[in-house]
Amino acid sequence: MFTILGFPAPLLFGQLLLGVINGAFYALLSLGLAVIFGMLNIVNFAHGALFMLGAFVAWGLLEYLGIGYWWALVLAPLVVGAFGIVLEKLLISRLYKLDHLYGLLLTFGLALIIEGLARNNFGSSGMPYPIPASLQGAMNLGFMFLPVYRGWVVVAALVMCLATWVVIEKTPLGATLRAATENAKLVQAFGVNVPLMITLTYAGGVALAAFAGVLAAPIYSVNPNMGANFIIVVFAVVVIGGMGSILGSVVTGFGLGVIEGLTKVFYPQASATVIFLVMIIVLLARPAGLFGRAA
Amino acid sequence: MKLSRRTVLGAAAASALPLVPARAQKPTLKFGVLTDLSGPYQDLAGPVAVAAAQQAVEDYGVAGKGFAVEIISADHQNKPDVGAGIARQWADRDGVDVILEVANSAVGLAVAGVAKDKNKVYVNSGAATSDLTGSACNANTIHWVYDTYMLSRSTATSVVKTGGTSWFMLVADYAFGQALQRDASSFVEAAGGKVVGSVKTPFPGTTDFSSFLLQAQSSGAKVLGLCNAGADTINSIKQAKEFGITSSMQLAGLLVFLTDVHSLGLEVAQGLAITESFYWDLNDRTRAFSERFKPKAPTRRPTMVQAGVYASALHYLKTAEAMGIAEAKKDGAATVAKMKSLPTDDDCFGKGSIRADGRCIHPAYLFQVKSPKESKGPWDYYKLLATTPADEAFRPLNAGGCPLVKA
Amino acid sequence: MLGFSRAQSAAFLVMLALIVAAPFTLYPVFLMKLLCFALFACAFNLLIGYVGLLSFGHAAYFGMGSYIAAWTAKTWHLTPELAIIAGGLTGAALGTVFGWLAIRRQGIYFAMITLALAQMNYFFCLQAPFTGGEDGIQQVPRGALFGILPLDNDMTMYAVVAVIFLAGFLLIHRVVHSPFGQVLKAIRENEPRAISLGYRTDNYKLLAFILSAGLAGIAGGAKALVFGIATLTDVHFAMSGEVVLMTLVGGMGTVFGPVVGALITNSMEYYLAQFGSWVTITQGAIFVACVLLFRRGVIGEIAAKLRISL
């Protein structure tokens, strides 16, 4: 067994790979946040709660209707997206003329309600969600034992990030969307239904969160706190990357996952704080974030 | 979950009663069940623990006696400050005579201090720390169900004996995890095994244990000791299975509850060695209790913590009636002293006793989780591997450093 | 009187009378908790209400104040007033560092950065040996004020906490109505204009941040001594959310709003404590209701109805 810097190579490569997997979740969540922020100018504090909701929907589909993982991967984002439409239409749309801080406070309140209700109804020790039969087992990569499902998470997250990028950067719809982000009034004058677009953007953003939630369900127990654990870290990721670009969110998400993974090898005690430390360094060096445009 | 809401609301209604001036003819004993109603321990304790106290009142036949019992409950939210605040208020304002349950070691220790200051009776059944009957023991506190010492002794010793000689510890990085690691490591070594390494996982908030598990795997140890609880244990077991660690290492969950196994599912949890002091399907008496209790929690079986609330409430009632209700209400320390002098006997833990340091003594059972094939129905999860007799199961009286124990 | 308007003076006298009368009918420990949170919320309001900065990590300063006060009182046997001052200084010191970092960004970024920094502080407290991790620092003695007056009696302790609260409350009021406070309000209304008028707004923002963090530390220190315990609850981000809620409910940018907000949320928790997660759900619902229906908060709405400033 050869070693790198005194650490066994399998351990190091293993942790790197795991970092990429964690990074996949950071990327998906911060991507959704960035899409929503770009269009609505709202930091969606409820993002973690909706991530959790996605996992619960997948669990509920299996438990009550017998609908399995693959359908859940499609249905849960649709259900949560529809819920997002209701939230946007009923509540969030009333805040667009106000200070952005109110959006943060409103969505924080929504997060508390959703998580509280989940805790009330399902307890908080978590419910198991099985790995789909076709993705069970593990591959021996020589340097580590990679569960097939984890590999699938990385692939699925990458594909989803790429698809989002294509939709926003390469399609006419995306072009309109970007234009509306720059100047909503002008785009509306061209006959585009901007309020509908905003609603659908929110739905799309939270659907991404729900998609991540379904991906996460077999790895972590489906429990009401799973979103709250992620959201603050994702905020730090967003501050580091800046919410300006889609590519930025994805790269930062994966990158920080890797850094976190490496910290777990070299100094595990700091693995919970390392992302925040990176955030401080970035704030000192590039206050607008790595990919952000100066305000 | 209709049950939990009804129980909670009922308890809340009961707690609203003292606002109306009491005109009761009978003297009334007041129970306060301080538990986790919203957090990671609400399944293993929670509303069902409140119902267990109610069951004790019914089984004791309080209705036909010359006194009444009122039960109130509150959520400590796993925060020591909240728990201590509620206990203080119960003592100052609400006239609570005995505080029951209190899962979570940190809250359990904080409440012990309050019980002593206010001279109340405090019987803990949910907390793990052996300090409750060691350095932090006091004349008002009894620790009923289990502690870190008992868990480690039973699980660690037996696993080493069956060939699991080298261990790697996965430790939740807080007081409880560290206590468990300390106790378990000493038993592994005492039994001739060796602890080759350990890793501390940040607590709370670690949901992905895979990287820590990789370290465990690369250590080459035969046994992975899980010094954690609740959601941490569930996640680490699931992920150990996912990474194929279960094929090269044996898992030893040092604190796993029946509800954790339920949550994991037998497919994942099978084969795990677990120590508990109560299992609903252990013998005729425990089965009888579980059947009586069933209407209060139709969809689940009681855990050892919930059984502990039942048993300790029953023993308190016995003691209070023996010494007189007025006497029992007056002096918590005197009541605890009397509880220690009377032998305990109930359907859940059988015959036992309470030591001078407040430790309740009964046998510890080592179970193995059944495979899905072996399980005959819902909640049929354990088979008995070994029994540690009551007098050996717990830390020797003079080894805990409890000031109440005179050398 | 003290720069109060007539309506404010009247309200202040009512508050004073209530503070004096309350412990004879209500549970003093609950009231002390209330006063500590009211001071915490007033300190937070100094930032959100008068500078327009939403700090989503104020639990860091409150909680560190609480830890340091508890630790110095228990380990060094400092007298309570010194322990609380130590808590306040710690809050201010931490506020200096975090504030200096956070004011580099505005608006929601500021909120997210303060939140992330507070979370980092939370993990630090979780692992640092002196905090006792999950157990917290327990059995903290209340000690004797100036080494003379024992505080074990709840009524005596209440008097001390009431004096601390009133001192903090008046200090904030004085600051807000000073020339310094006028500049803060100018920054809130239009920062670029304040800059073009020649004010180094960053310095003003940082000073306000430090003051706010210091007072939060004092509030935390007082709470630790009242309950004899300092725990992770005080540094957790739920606490940061709670103080935002108090201020929002009572009325951001009003003098009495945070106090009323603390009263409302604490009473609600007190009565909902038995209902498990309903506390969280209710808190969330209040957030939503406040943001959508009455953004000025209870006091703000009353003041607007009566056309006075409170």
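## A walk from chain A to chains C and B

Let's start inside chain A. Ten residues of helix H3(A), namely A:Ala72, A:Leu73, A:Ala76, A:Pro77, A:Val80, A:Gly81, A:Gly84, A:Ile85, A:Glu88 and A:Lys89, meet A:Thr199, A:Tyr202, A:Ala203, A:Gly204, A:Val206, A:Ala207, A:Ala210, A:Phe211, A:Gly213 and A:Val214 of helix H8(A). By class, this contact is made up of 13 nonpolar, 5 polar and 2 charged residues. Please keep in mind throughout that this is a predicted model.

How do these two helices sit against each other? Two packed helices are described by the angle between their axes and the distance between the axes. H3(A), residues 69-90, and H8(A), residues 194-216, have axes 7 Å apart and pack at an angle of about 140 degrees. Angles over 145 degrees would count as roughly antiparallel, so H3(A) and H8(A) are classed as oblique to each other. Their crossing is right-handed.

Staying in chain A for a moment, look at A:Ile232, which lies in helix H9(A), residues 226-241. Is this residue buried or exposed? A:Ile232 has 24 other C-beta atoms within 10 Å, and because 20 or more are needed for the label, A:Ile232 is buried. Its C-alpha atom is separated by 9.7 Å from that of A:Phe276, a residue 44 places away along the chain. Leaving aside neighbours within four places in sequence, A:Ile232 is in contact with C:Leu115, C:Ala116, C:Gln119 and C:Phe237. Those partners carry us over to chain C.

The contact between the two chains joins 34 residues of chain C to 33 residues of chain A. On the side of chain C that touches chain A, the elements giving two or more residues are helix H5(C), spanning 107-127, together with H10(C) and H12(C). Of these, H5(C) gives the most, with 13 residues. That side of chain C has 21 nonpolar, 10 polar and 3 charged residues.

Now for chain C as a whole. Its secondary structure comes to 13 helices and 2 strands. The C-alpha trace spans about 50 × 40 × 40 Å along its principal axes. Why does the radius of gyration of chain C agree with a compact globule? A compact globule of 310 residues would have a radius of gyration near 19 Å, and chain C has 19 Å. Of the 310 residues in chain C, 61% count as buried. Taking the contacts in chain C between residues at least 6 apart in sequence, 77% join residues at least 24 apart.

One example of a pair distant in sequence involves C:Asp154, found in helix H6(C), residues 154-176. Its C-alpha atom is separated by 6.4 Å from that of C:Pro28, although the two residues are 126 places apart along the chain. Not counting residues up to four places away in sequence, C:Asp154 touches C:Pro28 and C:Val29. With 18 other C-beta atoms within 10 Å, C:Asp154 is partly exposed.

Let's return to H10(C) and H12(C), two of the elements named on the side that touches chain A. H10(C) covers residues 237-250 and H12(C) covers residues 278-292; their axes come within 10 Å and cross at roughly 40 degrees. These two helices are therefore oblique to each other. H10(C) passes H12(C) in a left-handed crossing. Here C:Leu245, C:Leu248 and C:Val249 of H10(C) meet C:Gln283, C:Ile286, C:Phe287 and C:Cys290 of H12(C). The residues of this contact divide into 6 nonpolar, 1 polar and no charged.

What do the buried residues of helix H13(C) pack against? They pack against H10(C), H11(C) (257-272) and H12(C). In H13(C), residues 297-306, the buried residues include C:Gly297, C:Val298, C:Ile299, C:Gly300 and C:Ala303. Just after this helix, C:Arg307 takes a positive phi of about 55 degrees.

Finally, let's visit chain B, which also touches chain A. This contact takes 29 residues from chain B and 30 residues from chain A. Strand E7(B) (194-201) and helices H7(B) (210-219), H8(B) (231-242) and H10(B) (258-264) each supply at least two residues of the side of chain B that touches chain A. H7(B) gives the most, with 5 residues. This side of chain B divides into 10 nonpolar, 15 polar and 4 charged residues.

Definitions and conventions
Residues are numbered from 1 along each chain as its sequence is written. Chains are lettered from A and ligands numbered from 1 in the order in which they are written. This is a predicted model: local features need pLDDT of at least 70, side-chain atom pairs count only at pLDDT 80 or more; totals for chains, interfaces and linings use all residues. Two residues are in contact if their C-beta atoms, placed from the backbone, lie within 7 Å. Helices (H or I, at least four residues) and strands (E, at least two) are DSSP runs, numbered from the N terminus. Ala, Val, Leu, Ile, Met, Phe, Trp, Tyr, Cys and Pro count as nonpolar, Asp, Glu, Lys and Arg as charged, and the others, Gly among them, as polar. The radius of gyration is taken over C-alpha atoms; the globule rule is 2.2 Å times the number of residues to the power 0.38. A residue is buried if 20 or more other C-beta atoms lie within 10 Å of its own, exposed if 12 or fewer, and partly exposed in between; C-beta atoms are placed from the backbone. Axes are lines fitted to C-alpha atoms, for helices over the stretch in contact, and angles run from 0 to 180 degrees between N-to-C directions. Angles under 35 degrees count as roughly parallel, over 145 as roughly antiparallel, 65 to 115 as roughly perpendicular and the rest as oblique. A crossing is left-handed if the near helix is turned anticlockwise from the far one by less than a right angle, and right-handed if clockwise.
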